[in-house]
Amino acid sequence: MGDADARYILLFTACDRVGIVSAVSSFLADHDGFILDSQQYADLESGNFFMRVEFKGVGERFPASRDALSVAFAPVAERFAMEWLLVDAAERLKIMIAVSKGSHCLNDLLHRWSTGGLAVEIAGVVSNHENCRALTEWHGVPFHYLPVSGETRAAQEQDILALMKQTGAEQLVLARYMQVLSGEMVDALDGRCINIHHSFLPSFKGAGPYHRAHARGVKLIGATAHFVTGDLDEGPIIEQAVERIDHRASAEDMIRIGRDIEAQVLSRAVRWVAERRVLRNGLRTVVFS
């Protein structure tokens, strides 16, 4: 029998067909698995099926380890051609955070992590500027200064990937990292890189978006967290939020409100990815709440 306190999360995607839920629940029942939470979604447009199950063992037939559980479940996964992940719910997702000069998203992630509100392990912070070193090191997190220019971009990105491999970081979180990743970097981090940006796009690309939005009388401020793809700022969306403003809001008010929303949206996206609640669905995502 496995550890009575161990909890596992099974997350998978498959082509939709009759019997998937039955097969998963029957497997758990046959192995003394007790379902704690189960969510599923059938996308009728794509024909894909998505499921997240959290469970624990309650009897002698439950496998003694995650590896043994994976081996036992493999025939079910093969039968339905699943893309699947089985993790110990107690294991924290290890992330690397990239930041430039703006500290609001980084500060929010570090605060939530240090106070127990964000169940991840922060392997380190990388930056092309020194501005956030003191904040990072105050939280006891390693800070890596990796300046970048057009001539050094490829080498700098390889340094980031090397740090992720060395520390075991699974996700790179761009917490207002103001550099466009190369195609090679994006490919290397496919499905493993989360970005945050304001939601004015595509109307106000580039520098000074809040001032230009203010000049146009924009009445909604928002933020979008998404997976990074080769299409700049157009990857599958994980989370969004907006706040209404009116004619009294100055450009500085908009910047302040926007920063708050960006920090909140990014932290929620990171938390949901860490809790294995997010699945890619083509250009979209399925997010189990």
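**Figure 1. A81 and its backbone angle.** A81 is exposed, at 59% relative accessibility. Here buried means under 20% relative accessible area, exposed over 50%, and partly exposed in between (1.4 Å probe, protein chains only). The model is predicted: local features need pLDDT of at least 70, side-chain atom pairs count only at pLDDT 80 or more, and totals for chains, interfaces and linings use all residues. Residues are numbered from 1 along each chain as its sequence is written, and side-chain values use heavy atoms, with hydrogens and water left out. A81 sits in the loop between α2 (66–79) and β4 (83–88). Helices (H or I, at least four residues) and strands (E, at least two) are DSSP runs, numbered from the N terminus. A81 is not a glycine, yet its phi is positive, about 50 degrees. Most residues other than glycine have a negative phi.

**Figure 2. R276, a buried arginine in a loop.** R276 lies between α8 (251–274) and β12 (278–281). Its relative accessible area is 14%, so R276 counts as buried. The phi of R276 is positive too, at about 55 degrees, although R276 is not a glycine. Leaving aside residues up to four places away in sequence, R276 touches I9, L11, R52, L85, V87, L93 and E170. Contact means heavy atoms within 4.5 Å.

**Figure 3. F50 in strand β3.** F50 belongs to β3, residues 48–57. F50 is buried because its relative accessibility is 0%. Residues up to four places away in sequence are not counted among its contacts, which include F12, T13, Q39, Q40, Y41 and D43. Also touching F50 are L279, R280, N281, V286 and F288. The C-alpha atoms of F50 and V278 are 9.8 Å apart, with the two positions 228 residues apart along the chain.

**Figure 4. A6, ahead of the β1 strand.** A6 is placed in the segment before β1 (7–15). A6 is buried, with a relative accessible area of 10%. Residues F55, K56 and G57 touch A6, not counting residues up to four places away in sequence. A90 lies 84 residues from A6 along the chain, and the C-alpha atoms of the pair are separated by 7.7 Å.

**Figure 5. D233, annotated in UniProt.** The UniProt record, an unreviewed entry, places the feature "active site" at D233. UniProt positions are given in the numbering used here, feature names are shortened, and annotations may be inferred rather than shown by experiment. D233 is in the loop between β10 (220–227) and β11 (237–244). Its relative accessible area is 26%, so D233 counts as partly exposed.

**Figure 6. The whole chain, as context for the close-ups.** The chain has 8 helices and 13 strands. Its C-alpha trace spans about 65 × 40 × 35 Å along the principal axes. The radius of gyration is 21 Å, which agrees with the value near 19 Å for a compact globule of 289 residues. That radius is taken over C-alpha atoms, and the globule rule is 2.2 Å times the number of residues to the power 0.38. Buried residues make up 47% of the 289. Of the contacts between residues at least 6 apart in sequence, 68% join residues at least 24 apart. The chain exposes about 14400 Å², and carbon and sulfur atoms supply 50% of this area. Accessible areas come from the Shrake-Rupley method with a 1.4 Å probe; for residues, only the protein chains shown count as cover.
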